[in-house]
Amino acid sequence: MAVLKVIRMGNPILREKAEAVSMEELKSPAFKTLIDDMFESMEAHQGIGLAAPQIGVSKQLAIIGIPEDNPRYPDAPETEQYIIINPKIKVLDTKLQGFWEGCLSVPGLRGYVERSRKLQIDFTTLEGKSERLVVEGFVATVFQHELDHLEGKLYIDRIKDTRKLVFNEEYDVFIARDEDDDEEDDKKIV
Ligand code: ZN
């Protein structure tokens, strides 16, 4: 296994629509190695999701897994580890929820993004089967963020108020602290 380099905003691969993964490719040992390396890389960079384009592979593949006590998102709920291949998203609740997002491909920054609260994802598993997942809340935001990478989109594209794009250190000092004091605010910070 290997920790892979995460490419950063400016690399055109992050702006491409990723290619579907074929069944043949899915079954290859190289594909399993790629996924193992992606998990190792995600953990090394303390990420909670990683899309294949972020390591320079323009394929419809993303992994998501929120461990307990993740230092970048300390309030996020723990989840199992998902491997999502060739996904199709359907929005189940058009109401929006806002979270402060970060991205390993846009290091050092956080931005406030509003996304759908609940969605259904149809995808192919590593075994080549079709599976359906329904996710909501913060986990739905993580899925939308990662699956956006497969469409060549970054979270910064979805920031409506660019005053809400800030550096991590300033986020900690000026935003996380204030939000902790404001229990009325339903716009959770993670
Ligand atoms: Zn990202």
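Two rings of Phe, Tyr or Trp count as an aromatic pair if their centres lie within 6.5 Å. By that criterion the structure, which is a predicted model, holds 5 aromatic pairs. One of them joins Tyr 73 and Phe 138, whose ring centres are 5.9 Å apart and whose planes meet at 45 degrees. An angle that is neither under 30 nor over 60 degrees counts as tilted, and the pair of Tyr 73 and Phe 138 is accordingly described as tilted.

The two partners come from separate parts of the chain. Tyr 73 belongs to the loop between strand 2 (61-64) and strand 3 (82-101), while Phe 138 is in helix 3 (residues 138-149), so the pair ties together parts that are 65 residues apart in sequence. Buried means a relative accessible area under 20%. Tyr 73 has a relative accessibility of 5% and therefore counts as buried; Phe 138, at 8%, is buried because it too falls under that limit. The pair is also part of a wider group, since Tyr 73, Phe 99 and Phe 138 form one aromatic cluster.

Tyr 73 has a charged neighbour as well. The charged end of Arg 110 sits over the Tyr 73 ring, 4.7 Å from the ring centre. Arg 110 also lies over the face of Tyr 171, where the distance to the ring centre is 5.1 Å.

Tyr 73 leads on to the enclosed space in the model. The structure holds 1 cavity of 30 Å³ or more, and the largest cavity has a volume of about 140 Å³. It is lined by 16 residues, and those closest to its centre are Ile 48, Tyr 73, Gly 102, His 145 and Glu 146. Strand 3 and helix 3 each supply at least two residues of this lining, with helix 3 giving the most, 5 residues. By class, the lining of the largest cavity has 7 nonpolar, 6 polar and 3 charged residues.

The second largest pocket is an open space of about 290 Å³. Its lining is made up of 16 residues, and Ile 89, Gln 144, Leu 147, Asp 148 and Arg 158 lie nearest its centre. At least two lining residues come from each of strand 3, strand 4 (109-124) and helix 3. Here strand 3 gives the most, with 5 residues. The lining of the second largest pocket divides into 6 nonpolar, 3 polar and 7 charged residues.

Leu 147, one of the residues nearest the centre of that pocket, lies in helix 3. Leu 147 has a relative accessible area of 6% and so is buried. Leaving out residues up to four places away in sequence, Leu 147 touches Ala 62, Ile 84, Pro 87, Ile 89 and Ile 121. Ile 89 is another of the residues nearest the pocket centre. The C-alpha atoms of Leu 147 and Gln 60 are 8.3 Å apart, although 87 residues separate the two in sequence.

Gln 144, also among the residues nearest the centre of the second largest pocket, is a contact of Ser 116. Ser 116 is in strand 4 and is buried, because its relative accessible area is 11%. Apart from neighbours within four places in sequence, Ser 116 is in contact with Val 91, Asp 93, Lys 95, Leu 96, Gln 97, Ala 140 and Gln 144.

Notes
Residues numbered from 1 in each chain as written. Predicted model: local features only at pLDDT ≥ 70, side-chain atom pairs only at ≥ 80, totals over all residues. Heavy atoms only, no water. Phe/Tyr/Trp six-rings, centres within 6.5 Å; stacked < 30°, edge-to-face > 60°. Helix = DSSP H or I, 4+ residues; strand = E, 2+ residues; numbered from the N terminus. Buried < 20%, exposed > 50% of the residue type's maximum accessible area, 1.4 Å probe, protein only. Lys NZ or Arg CZ within 6 Å of the ring centre and 35° of its normal. Contact = heavy atoms within 4.5 Å. 1 Å grid on protein atoms, 1.4 Å probe; cavity = no way out; pocket = protein on both sides within 12 Å on 5 of 7 lines; lining within 4 Å. Points joined across faces, edges and corners; volume = space filled by probe spheres on them. Nonpolar A, V, L, I, M, F, W, Y, C, P; charged D, E, K, R; others polar.
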